[in-house]
Amino acid sequence: MPLTPSKIVCVGRNYAAHAKELGNDVPKEPLLFLKPPSSLIGDGETIRLPTVSRQVEYEGEIGVVVSRRLRQATAAEAREAVGGLVAANDVTARDLQKSDSQWTRAKGFDTFCCVGPVGPVPAELSGLTVTTRVNGVVRQHGQASSMVFDIPMLLAYISQVMTLEPGDLVLTGTPEGVGTLAPGDVVEVEIDGVSRVSNPVTAAA
Ligand code: MG
C-alpha cells in the first residue's frame, strides 16, 4: 500500500463540465464524501470489478497529501499543508451511486482508490493538469484552474468539519469524460510531470 492515511476525503462535482455531464448542478459549497483506507491500491495493482455492479467507472483526480494537522484552518494555512501530490483514480460503481442514497458502497470497494507515488508540489497549484487514459487513449484532461473550489479552499473547508492529520489524502474531484471500465482494460491517471498511476482491470474472482 502506497500511503496510510487515517482517512480519504473526497470532493464531488468540483468541475462544472463534469457535474453537467452527469446531469447535476454545481454545488454551492464543496460536496464531501469519504473513501475507506481499505480501498487503496498503488501503481500496477489490479482494480477488481465487483459482481454487484454493471457500471464501474474511472475518475482521474489530483490527490493531495496533507503534511501537517489542519483544524479550522484558513486557506493560507491549508496551502502550507499541501505536502505532496498523487495521481488518483476515484473508481466508482456508478449504478450503485445512483441506486443508494449514500455513496459509501459505490465508492468504497477494495481496489477503488488507486494512487501513484507522491510527487512534488509546484509553486502554482492552479497550473496542475490531470489526464486519464484507458488503453492508451486519452479520456479526460482537466486543469486545476477549472476547479469550482481550489485546493487550499477545499482543505480549509474540510478542516472546519474534521481535523486533517499528516498523511491524510484529499481527492479534489474529476473533470469531464468519465466512462466505464471492463476486464482487460488498463487505466492510467497522470498529474502531468508530477505523479502517475496505472492499473489493470479484472473481474472479481
Ligand atoms: Mg471523484
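The legends below describe close-up views of a predicted model.

**View 1. The magnesium site and its donor residues.** The magnesium ion is coordinated by oxygen atoms of three side chains, Glu59 (OE), Glu61 (OE) and Asp90 (OD), at 2.0 to 2.1 Å. Along the sequence these donors follow the spacing E-x1-E-x28-D. Two of them come from distant parts of the chain: Glu61 belongs to strand 6 (residues 60-66) and Asp90 to strand 7 (residues 82-90), with their positions 29 residues apart in sequence. Glu61 has a relative accessibility of 1% and therefore counts as buried. Asp90, at 0% relative accessibility, likewise counts as buried.

**View 2. Strand 7 between strand 6 and strand 9.** Strand 7 pairs with strand 6 in the antiparallel sense, over 7 bridges. Within this pairing, Ile62 has Ala87 of strand 7 as its bridge partner. Strand 7 also pairs with strand 9 (residues 113-115), again in the antiparallel sense, over 3 bridges. Here Ala88 has Val115 of strand 9 as its bridge partner, and Asp90, a donor to the magnesium ion, stands opposite Cys113 in strand 9. Of the 9 residues of strand 7, 8 are buried, so the strand is largely enclosed by the rest of the structure.

**View 3. The seven-stranded sheet and helix 5.** An open sheet of 7 strands has the order 2-1-12-6-7-9-3, with mixed pairing. Strand 2 (31-35) and strand 3 (40-41) stand at its edges; each has a single partner strand, so one side of each lacks a neighbour in the sheet. Helix 5 lies across strand 1 (8-12), strand 2, strand 6, strand 7 and strand 12, and runs at about 60° to strand 6.

**View 4. Gln160 and its surroundings.** Gln160 is found in helix 5. Its relative accessibility is 44%, so Gln160 counts as partly exposed. Beyond its neighbours within four places in sequence, Gln160 is in contact with Gln72 and Ala73. The side chain of Gln160 reaches the backbone oxygen of Ala73 at 3.0 Å. Thr74 is 86 residues from Gln160 in sequence, while the C-alpha atoms of the two residues are 9.3 Å apart in space.

**View 5. A salt bridge between two loops.** Side chains of opposite charge can pair when their charged atoms come close. The structure holds 11 salt bridges, and one of them joins Glu165 to Arg69, with the closest N and O atoms 3.0 Å apart. Glu165 lies in the loop between helix 5 (151-161) and strand 12 (169-171), and Arg69 in the loop between strand 6 and helix 2 (75-80), so the pair ties together parts that are 96 residues apart in sequence. With a relative accessibility of 23%, Glu165 counts as partly exposed. Arg69, with 57%, counts as exposed.

**View 6. A buried salt bridge and a partly exposed arginine.** The side chains of Arg133 and Glu188 meet in a salt bridge, at 2.6 Å from N to O. This pair links distant parts of the chain: Arg133 is in strand 10 (residues 129-134) and Glu188 in strand 14 (residues 186-191), 55 residues apart. Both Arg133 and Glu188 are buried. Elsewhere, salt bridges with shared partners join Lys35, Glu57, Glu59, Asp90, Arg94 and Lys107 into one network; Glu59 and Asp90 are also donors to the magnesium ion. A further salt bridge is formed by the side chains of Arg105 and Asp100, at 2.9 Å from N to O. Arg105 counts as partly exposed, at 39% relative accessibility.

**View 7. The five-stranded sheet.** An open sheet of 5 strands has the order 4-15-14-10-11, and its pairing is mixed. Its edge strands are strand 4 (47-49) and strand 11 (137-143), each pairing on one side only. Neighbouring strands of this sheet are turned by 20° against each other on average, direction ignored. Strand 4 and strand 15 (residues 195-203) run parallel and are joined by 3 bridges. In this pairing Ile47 stands opposite Val201 in strand 15.

Definitions and conventions. Residues numbered from 1 in each chain as written. Predicted model: local features only at pLDDT ≥ 70, side-chain atom pairs only at ≥ 80, totals over all residues. Heavy atoms only, no water. Donors = N, O, S within 2.8 Å, 3.2 Å for Na, K, Ca; no water. Helix = DSSP H or I, 4+ residues; strand = E, 2+ residues; numbered from the N terminus. Buried < 20%, exposed > 50% of the residue type's maximum accessible area, 1.4 Å probe, protein only. Pairing = 2+ DSSP bridges. Salt bridge = Lys/Arg side-chain N within 4 Å of Asp/Glu carboxyl O. Axes fitted to C-alpha atoms, helices over the stretch in contact; angles between N-to-C directions. Contact = heavy atoms within 4.5 Å. Polar contact = N/O pair within 3.5 Å; in protein donor to acceptor, adjacent residues only side chain to side chain.
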